[in-house]
Amino acid sequence: MKQKTGIGSQKRARFNRLCKEVRHFVSANPGCSAQAIVANLNHDQRMRNHGLTPRKVGFFITRHLTASLTWWQDHRAGRRVYGLIGDERSKNTPE
């Protein structure tokens with residue numbers, strides 16, 4: 001039997017697509033919550049097999065996307081909302 005020589009190319013492709021889709025959604029919708037991101041990914045982007053939950057997306061953003069995304073606390077709703085770093089629109093969203 002031939003030995004597998006791949007180094008996780010499908011895993012890396014899924015990771016890169018998830019990064020790209022999250023950045024794209026947050027840039028289009030500054031001040032969105034993890035729940036809104038998951039809803040977009042599951043229903044609109046057809047990423048149903050990834051097992052995404054708002055908690056997983058929140059951990060994913062803080063672990064892998066801190067160079068391009070930031071979060072702040074929405075005290076009315078009691079949750080984190082996300083926006084691009086340095087984006088003026090995200091600073092002016094009502095909390």
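Of the 95 residues of the chain, 32% count as buried, where buried denotes a relative accessible area under 20%, exposed one over 50%, and partly exposed the range in between, with a 1.4 Å probe and protein chains only. The structure is a predicted model, in which local features require pLDDT of at least 70, side-chain atom pairs count only at pLDDT 80 or more, and totals for chains, interfaces and linings use all residues. Residues are numbered from 1 along each chain as its sequence is written, and side-chain values use heavy atoms, with hydrogens and water left out. The chain exposes about 6900 Å², of which carbon and sulfur atoms supply 50%; accessible areas were obtained by the Shrake-Rupley method with a 1.4 Å probe, and for residues only the protein chains shown count as cover. Among contacts (heavy atoms within 4.5 Å) with a separation of 6 or more, 43% involve residues 24 or more positions apart.

Four helices and three strands are present, arranged along the sequence in the pattern α-β-α-α-β-β-α. These elements are DSSP runs numbered from the N terminus, with helices being H or I of at least four residues and strands E of at least two. The strands form an open sheet in the order β1-β3-β2 with antiparallel pairing. Strands β1 and β2 are the edges, each pairing on one side only; pairing requires that DSSP find at least two bridges between two strands. The antiparallel pairing of β2 with β3 extends over six bridges, and D74 stands opposite R79 in β3.

Helix α1 comprises 20 residues (residues 9-28), and its end C-alpha atoms are 28 Å apart, in agreement with the expected span of 28 Å at 1.5 Å a residue; the expected span is 1.5 Å times one less than the number of residues. The helix lies across β1, β2 and β3 and runs at about 90 degrees to β3, with axes fitted to C-alpha atoms, for helices over the stretch in contact, and angles from 0 to 180 degrees between N-to-C directions. Its buried residues are L18, C19, E21, V22, F25 and V26, and their cover includes β1 (32-33), α2 (34-44), α3 (54-64), β2 (69-74) and β3 (79-84).

Within α1, E21 is buried because its relative accessible area is 9%. Apart from neighbours within four places in sequence, E21 contacts L41, Q45 and M47. In α2, A34, I37, V38, N40, L41 and N42 are buried, with cover that includes α1, β1, α3 and β3. After α2 comes R46, whose phi is positive, near 60 degrees.
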